[in-house]
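Here's a quick tour of some side-chain packing, covering aromatic rings, charges over rings and one acidic residue. Have the viewer open as you read.

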Amino acid sequence: MAAYDYVIKGGRVIDPANGVDKNADVAIRGGRIAAIADDIDPGQARQIYDARGQVVVPGLVDLHVHVYDKVTPLGVDADERCLRRGVTTVVDAGSAGYFTFPGFRHYVVERARCRVLAFLNISSIGLAGAGLGGDDRVPGELESLKFASVEGAARAIAENRDVIAGVKIRLSDTVANGGLYEKEAYRRALRLARETGLPLMVHHAFSTVPLAECPGLLERGDIYTHCFHGFPSTIVDPATRRIDPVVWEARERGVIFDIGHGQGSFNWTVAEIAISEGFWPQVISTDLHSGNVDGPAYDLPTAMTRLYHLGMPLVDVIAAATIAPARAIGWDDRIGTLGAGRAADITVLAIEPVDLDLEDCQSQLRRIRERIVARAVWRDGVYYPCTLPNPWPNPMSISRQRSTWERLVIRDAEPPAPAPF
């Protein structure tokens, strides 16, 4: 009888949490990692995966997605769009509030093959009727403060502590009655996070709340997502084109800065300015939703590709998509590493040569030479083949997103050129 269900042979094993970066084999038995060794006898395995020339890493963790599929306008299928792209754990970022969380738990958390956790929205309705904001025909989740109940949200957290990993609020004037209710809703979200001992994740763009309060009022362990957007409320001072001192202070205080790529929140210019000052994100996430799965976000390996292109070392890129998000939600004792005895959540990545222009969220282009893609994934020891976005890049998405360039306060000197199609 074979000793192992699978042996993943010959790959470069990178496990940043444990300081591992070497060629090795990984064995799986009974849904757990059974061994990591230099050379495991292939005769001991029922099945072999040849990982030579590829990178074997802990199952990817996406800290910011929207997977309340077919219930919220932004929802996508977690298994199709995340698990099949190498992501074994996702954290839904506020699609559900306390009114709608029972359905989210029943129809998504308990049915998905991908592990699904959640940030609970401070709004009781979550994103049940909301899109991206900015559409006057669609009310935002904070159009009334009646939706922002600390008590109701606290009850939902107490009843679902096993899967609720934090609190979420969107700070944008378009989802809060022209900004009228932003500050009070923010105050309530902060109170909820402190009372429950959970981190607060904040979306902060086109907001009436100044940087002095967000991230200025955030504490160690809170998460400032969409950190590289170029719209009003960006972390870069438009006058000096440098990182605002309040942002540096928050970073030094222990606030976590997350890419949260999204449909509008990753800007090549902002990223390059930040990185020139040594301001790297601690977490790489996608903010994956129905508006960006076919571009500009695509998937987590694409978000990782962008940071890799910008000069982030590969080990750090992998850490920002594995152990760093796991630690941010207090799950680093269960996910984000390849320790023997852990759940066999494992991703195999390839770094492929390319020569193409990759867009940001406003169709600004950068020439990239290498691309990170997921080739195989195991979730609790079950193997899933991976898929790739197609087309990639998507000329239709590039054309559509170009219209938002004019709204940027930080951007390239010249507007994006028309798409070549």
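What follows is a short rundown of ring pairs, charges over rings and a glutamate. Keep in mind that this is a predicted model. The count of aromatic pairs comes to 14, and one of them, Y6 with Y383, gets a closer look below.

**Aromatic rings**
- The ring centres of Y6 and Y383 are 5.9 Å apart with the planes at 35°, so this pair counts as tilted: stacked would need under 30 degrees and edge-to-face over 60.
- In sequence the two partners are 377 residues apart, so to speak at distant parts of the chain, with Y6 in strand 1 (residues 4-15) and Y383 in strand 17 (residues 382-385).
- Y6 is buried at 11% relative accessible area, while Y383 is partly exposed at 30%.
- Y6 and Y383 also belong to one aromatic cluster together with Y49 and W378.

**Charges over rings**
- R334 lies over the face of W331, 3.7 Å from the ring centre.
- R411 has its charged end over the ring of W405, at 3.8 Å from the centre.

**E359, a buried acid**
- You'll find E359 in strand 15 (residues 346-359).
- E359 is buried but has no salt bridge. The nearest oppositely charged side chain, R306, is 4.2 Å away, and the cut-off is 4 Å, which means that R306 doesn't qualify.
- What E359 does have is a side-chain to side-chain polar contact with Y298, at 2.7 Å.
- Beyond its sequence neighbours within four places, E359 has contacts including W268, P296, L365 and I398.

Note on methods
Residues are numbered from 1 along each chain as its sequence is written. This is a predicted model: local features need pLDDT of at least 70, side-chain atom pairs count only at pLDDT 80 or more; totals for chains, interfaces and linings use all residues. Side-chain values use heavy atoms; hydrogens and water are left out. Rings of Phe, Tyr and Trp (its six-membered ring) pair if their centres lie within 6.5 Å; planes under 30 degrees apart count as stacked, over 60 as edge-to-face and the rest as tilted. Helices (H or I, at least four residues) and strands (E, at least two) are DSSP runs, numbered from the N terminus. Buried means under 20% relative accessible area, exposed over 50%, partly exposed in between (1.4 Å probe, protein chains only). A charge sits over a ring if NZ of Lys or CZ of Arg is within 6 Å of the ring centre and within 35 degrees of the ring normal. Lys and Arg count as positive and Asp and Glu as negative; His and the chain ends are not counted. A polar contact is a pair of N or O atoms within 3.5 Å; within protein, one must be able to donate a hydrogen and the other to accept it, and residues adjacent in sequence count only if both atoms are side-chain atoms. Contact means heavy atoms within 4.5 Å.
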